[in-house]
Amino acid sequence: MNKKKTSLLALPYGLWMAGFIAIPLFMVFCYGLTDRSGTFTLANVLAIATPEHRKALVLSLLLSAVSTFLCLLIAFPLALILRGRRIGRGSFILFVFILPMWMNFLLRTMAWQTLLEKNGVINALLGILGLPALSIINTPAAIVLGMVYNFLPFMVLPVYNTLAKIDDNVINAARDLGAGPFQTLIRILLPLSVPGIISGITMVFIPALTTFVISNLLGGSKILLIGNVIEQEFTRGSNWNLGAGLSMVLMIFILISMTFVAKYDKNGEGTAL
Amino acid sequence: MHPSLIDLVHISKSFDGELVLDDLNLSVRENSFVTLLGPSGCGKTTTLRIIGGFERPDAGSVIFNGENITDMPPNRRQLNTVFQKYALFSHMNIAENIAFGLKIKGKSKDYIQDKIQYALKLVNLSGFENRSVDSLSGGQQQRIAIARAIVNEPKLLLLDEPLGALDLKLRQDMQYELIRLKNELGITFIYVTHDQEEALTMSDTIVVMNQGYIQQMGTPEQIYNEPENAFVADFIGESNIVDGTMLHDELVEIFGAKFACVDKGFGVNKPVDVVIRPEDIDLVKPSEGTLTGIVTHLIFKGVHYEMEVTTPNGYEWLVHSTDMFPVGQEVGIHVDPFDIQIMNKPESEDEEAVGVNE
Ligand SMILES: Nc1ncnc2c1ncn2[C@@H]1O[C@H](COP(=O)(O)OP(=O)(O)O)[C@@H](O)[C@H]1O
Ligand SMILES: [Mg+2]
């Protein structure tokens with residue numbers, strides 16, 4: 001095929017890229033680097049240094065990191081169990097597991113709101129059992145719970161994918177050469193699933209870092225994540241310039257984690273769902 | 001007589017209700033090269049996996065050096081496996097692959113270094129320490145898989161179709177390499193293949209398997225020259241297997257013609273299977289033959305001609321000969337008495353199962 005034809009075929013892709021990625025990005029940069037009157041300024045970006053914004057960013061990074069770590073802690077054993085199953089049964093379990101993903105994200109999170117409320121389902125159950133009531137709604141713990149619940153499948157799938165690709169005989173070979181189950185886990189399974197783990201980490205960390213819905217619903221109005229701050233600048237505060245500037249800062253963190261993935265996941269192994 | 005190193009005693013195994021191994025008994029002497037030979041799906045890999053500890057038999061036991069190891073996990077067995085598709089660790093370089101077993105056993109750095117050098121030299125891949133697994137060809141990967149196994153100085157090495165994925169030339173080279181390795185190391189080999197030529201070339205004992213049964217066990221010469229049943233005869237090399245009637249000792253009737261043979265003790269007028277190798281048929285003048293037929297096919301095969309001779313009853317005899325007879329010519333068939341193998345027809349159900357599937 002000659003070059004002209006190839007570029008013609010790429011046109012829809014190019015248009016798509018322009019419409020949904022380049023133009024929105026350009027607009028964010030336009031707003032972020034100007035003030036209300038339209039003159040160039042770095043003030044919106046540097047505004048991240050103000051104490052309240054910094055606090056929100058640090059809390060976001062912290063809660064996202066904790067959630068990502070918890071997701072990994074749950075997902076790895078789960079993916080291992082799924083791997084051990086025969087294909088037929090395994091895919092059914094996987095299916096059951098992914099099922100909630102098809103439910104609306106908002107609904108799922110609101111469900112947790114009702115479950116966790118002071119007079120919610122969980123506390124009612126605890127009351128029946130004579131146990132003390134939990135009060136985790138509107139705490140960082142509730143936000144972490146929401147993040148883990150919502151983003152866990154994004155960790156399980158890439159990790160499961162890399163684990164499932166490991167030939168049974170590679171594991172058998174390790175056992176054959178004297179490795180017990182634990183040694184096999186540490187020396188074979190864990191290192192071989194690094195691409196999936198890395199890709200899972202970004203797939204959980206990035207949405208967790210930018211979320212404002214989970215913190216809105218489960219964190220109440222007291223706990224502000226960087227996502228909430230940005231959202232409020234666009235909605236209530238009506239300062240699009242500041243919102244865009246802060247988004248750009250967040251983008252830097254996302255870019256950092258993306259390069260992290262690109263470095264480890266060269267073959268796109270982990271990302272393929 | 002060497003003592004036996006490993007014994008499989010009354011091993012049975014089924015998958016999903018399907019019997020794969022049925023009361024298998026096998027004894028392997030120390031320092032021997034035993035080949036499990038049989039068609040795909042006959043249970044060779046399963047047998048090897050039971051010995052390696054990756055599969056637990058439903059019944060029976062595995063005795064290694066006099067110790068019952070049926071329930072011992074693979075990592076504690078003093079044997080190593082070379083897997084069908086190499087199964088190298090792709091996240092480690094060649095040296096790390098070879099060192100894996102030794103590191104687990106906590107050997108010293110110097111010892112491990114020496115062993116790596118020694119093993120690489122043994123498989124003719126010196127200087128490959130820092131190469132990645134991906135950068136190696138199939139044949140090289142297979143050698144590394146062997147090196148990785150033998151540095152652990154196992155008493156027994158299990159090899160599951162290790163040459164199956166290699167091309168013909170490389171396969172033949174590797175066959176000689178393996179025999180050399182075996183002799184240098186003095187390790188007992190249990191080797192799995194479905195390639196009868198490979199089995200005949202390499203082994204001192206061949207175990208012919210079919211449908212979970214051992215059909216025959218013996219030296220390559222015994223298996224080739226004295227097949228015990230039609231399956232073995234058919235599986236090992238090409239054969240003419242025809243119905244015959246044992247008239248009395250040393251005389252068999254085939255398609256109405258009487259052939260002198262050397263077999264005795266089959267009784268009188270007993271139906272039997274008769275096996276005649278293609279290279280054992282002599283084509284002569286029609287008047288001198290025991291049977292006559294017409295040449296219906298002729299192919300030049302290099303060392304010999306391959307011909308099909310059709311007798312009046314319609315049977316096509318496969319004949320290998322250095323003399324050429326053109327298609328359409330009438331020829332006589334002559335077979336020397338000692339080239340005729342007589343075998344009982346299968347009677348019981350068990351024997352039936354082992355028969356040739358036509
Ligand atoms: N893990 C398993 N689950 C179910 N069936 C199996 C399993 N392993 C082997 N089998 C079946 O057992 C039979 C023998 O397999 P195998 O020992 O691999 O044969 P071979 O190595 O001689 O080709 C085959 O029919 C195969 O499908
Ligand atoms: Mg096999």
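1. In chain B, Tyr305(B) sits opposite Ser321(B), a residue of strand 18. Strand 17 (residues 305–310) and strand 18 of chain B run antiparallel and are joined by six bridges. Strands here are DSSP runs of E, at least two residues long, numbered from the N terminus; two of them pair if DSSP finds at least two bridges between them.

2. This is a predicted model, in which local features need pLDDT of at least 70, side-chain atom pairs count only at pLDDT 80 or more, and totals for chains, interfaces and linings use all residues. Residues are numbered from 1 along each chain as its sequence is written, chains are lettered from A in the order in which they are written, and side-chain values use heavy atoms, without hydrogens and water.

3. Strands 17 and 18 belong to an open, antiparallel sheet of five strands in chain B, ordered 15-19-16-17-18. Its edge strands are strand 15 (281–284) and strand 18 (316–321), each pairing on one side only. Neighbouring strands are turned by 45° against each other on average, direction ignored; the axes behind this angle are lines fitted to C-alpha atoms, and angles run from 0 to 180 degrees between N-to-C directions.

4. Another open sheet of five strands in chain B has the order 13-12-11-14-20, again with antiparallel pairing. Strand 13 (257–260) and strand 20 (341–344) have a single partner strand each, so one side of each lacks a neighbour in the sheet. Four bridges link strand 14 (residues 270–276) to strand 20, and Val275(B) has Gln341(B) as its bridge partner.
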